[in-house]
Amino acid sequence: MKHHQVVDARITPEGRLDVLSKAEVTKLLDTSQGGLYRLFRNCSLAVLNCGSGMDDGKELLERYPDFEIRVVQEQRGIKLDVKSAPAHAFVDGKMIKGINEHLFAVLRDIIYVSDEINNNPMFDLNTSDGISNAVFHILRNAKILRPMTTPKMVVCWGGHSISRKEYDYTKTVGHEMGLRGLDICTGCGPGAMKGPMKGATIGHSKQRIKNGQYLGITEPGIIAAESPNPIVNDLVILPDIEKRLEAFVRTGHGIVVFPGGAGTAEEILYILGILLHPENKDMPFPLIFSGPDSSEDYFKEIDRFIAGTLGKSAQQRYQIIIDNPVLVAQEMLAGIQQVRQFRKEKGDAYYFNWQLKIDHVFQQPFIPTHENMRNLALHKDQENHQLAANLRRVFSGIVAGNVKDEGIRAIEQYGHFEIRGDEDIMALMDSLLASFVEQHRMKLPGKKYLPCYKIIK
């Protein structure tokens, strides 16, 4: 077995979070089922593992079995003791500042959700409004909502496993957006989540923009497979994938989708499902699919899938731009100006899209068990946005089976997820997933992909 270098250290927060109650510290150190230690430990390990070229939550936990993290209360506040932490989070024995910030962001969000959101009568998590309210409060507590600024947040979605050419393209698009003063929000991992931020950093630097926001939004299940890249200067950890997706679409003013795999397909179906809701039909929401010329087939396949499942009305909500970073940035800027006008007229906040109607089916946490996957309603005898919600769940389950610790273990134990539904939808699904596998979009390069699903026709 390969030996990985580790470091022990005591870390002081960089000002963000410094006081915890005795009860909170006890909860963080509680290793029992109801305690927070496991969640805190696993998310912290993921943050420390940034830049390691890994996308397997289970493998990460097995690679550093001795890793421990402890909260230490001192007279002046709290510190963190880490034991057997990945050495690449440190430079000459000192932790990289961005990683230090991320570590305390993990602590802040886990404590806040546990203390203030869960079991709080103020947030009824069985209702749509209750969930949206909880998402808002988590973001506000993380101090990432910036009032008094004009809309300029572009959400960039795309795969963690992309080719070098595609990665460079995301960087160029980010650069063009940065030159136009736009900020970037991503799922904060590697690949298409890192490229746009890197590009925007340079664009902002050239324009002498000192307060650029590079927002990373993640959740505990995915963070181990997609460690936050240290360019992220605002990190927030939502409790689950559905709240993470809602945070993206309510804080972003427009979305660019780069090539990706099952996770990117999930995100596309999520936003399209929401935009297809009758109450959102007049809302401007710039949505652009883009990649270099080599990814043209990828987007053709996605477009064909959307045409065959959700139809023309869904296709009208996005544009596909191939190999033209300048045009992507210009179109996004123009789209965001429309968003600003719309919000101004409606008296809605610039920093959080309260007007966007998100149906409850898109908010309910979906647990991808074998039974739940088998029972998904994948047919056309339902409203379009309802079908989109169920298609999103299919891809959500595949992501879990590919990279999430619990999903990987479930597949090892019970075998493949079975996906069943209308014959034509299954044929499109089969073709789309096969193209992802063929283009190496399911796992990082160099790793053999073993499908976690089978399509039952």
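1. Glu-74 in strand E2 has Gly-77 in strand E3 as its bridge partner. This is a predicted model. E2 and E3 form a hairpin, with 2 residues between the strands. In total, 7 bridges join E2 to E3 (residues 77-86), and the two run antiparallel.

2. The hairpin belongs to an open sheet of 3 strands. Its order is E1-E3-E2, and the pairing is antiparallel. Strand E1 (6-11) and strand E2 (68-74) stand at the edges. Each has a single partner strand, so one side of each is left without a neighbour in the sheet. On average, neighbouring strands here are turned by 10° against each other, direction ignored.

3. Which helices pack on this sheet? Helix H2 (residues 37-48) touches E2 and E3. The direction of H2 makes about 105° with that of E2. Helix H4 (residues 97-117) touches E1, E2 and E3. The direction of H4 makes about 115° with that of E3.

4. Now the other sheet. It is open, and 7 strands form it in the order E9-E8-E7-E6-E10-E11-E12, with parallel pairing. Its edge strands are E9 (234-237) and E12 (319-322), and each pairs on one side only. Neighbouring strands of this sheet are turned by 25° against each other on average, direction ignored.

5. Within that order, E6 sits beside E10. Strand E6 (residues 153-157) and strand E10 (residues 254-257) run parallel, joined by 4 bridges. One residue to look up is Val-154, whose bridge partner in E10 is Gly-254. Strands of a sheet pair through backbone hydrogen bonds, either parallel or antiparallel.

6. Helix H9 (residues 241-251) lies across E6, strand E7 (183-186), strand E8 (214-218) and E10. H9 runs at about 150° to E8.

7. Is Lys-243, found in helix H9, buried or exposed? Lys-243 has a relative accessible area of 7%, so it is buried, the cut-off being under 20%. The side chains of Lys-243 and Asp-240 are joined by a polar contact of 2.8 Å. Not counting residues up to four places away in sequence, Lys-243 touches Leu-125, Ile-131, Val-135, Leu-238 and Pro-365.

8. The largest nonpolar core has 85 residues. Those with the most contacts inside this core are Val-249, Leu-310, Phe-395, Ile-398 and Tyr-453. Where does this core lie with respect to domain 1 and domain 2? Domain 1 (6-120) and domain 2 (146-456) both give residues to it, so the core lies between them. Another core, of 62 residues, lies apart from it. Among its members are Ala-85, Ile-162, Ala-192 and Ala-200.

9. Val-249 deserves a separate entry. Leaving aside neighbours within four places in sequence, Val-249 is in contact with Trp-157, Ile-255, Tyr-270, Ile-271, Ile-274, Phe-285, Asn-353, Leu-356 and Ile-358.

10. Which residues of helix H17 (residues 405-414) are buried? They are Asp-405, Gly-407, Ile-408, Ala-410 and Ile-411. An α-helix has 3.6 residues a turn, so residues three or four places apart point the same way. H17 is followed by Gly-415, whose phi is positive, near 85°.

Technical notes. Residues are numbered from 1 along each chain as its sequence is written. This is a predicted model: local features need pLDDT of at least 70, side-chain atom pairs count only at pLDDT 80 or more; totals for chains, interfaces and linings use all residues. Side-chain values use heavy atoms; hydrogens and water are left out. Two strands pair if DSSP finds at least two bridges between them. Axes are lines fitted to C-alpha atoms, for helices over the stretch in contact, and angles run from 0 to 180 degrees between N-to-C directions. Contact means heavy atoms within 4.5 Å. Buried means under 20% relative accessible area, exposed over 50%, partly exposed in between (1.4 Å probe, protein chains only). A polar contact is a pair of N or O atoms within 3.5 Å; within protein, one must be able to donate a hydrogen and the other to accept it, and residues adjacent in sequence count only if both atoms are side-chain atoms. A nonpolar core is a set of buried Ala, Val, Leu, Ile, Met, Phe, Trp, Tyr and Cys residues joined through side-chain atoms within 4.5 Å. Domain bounds come from an automatic or database domain assignment.
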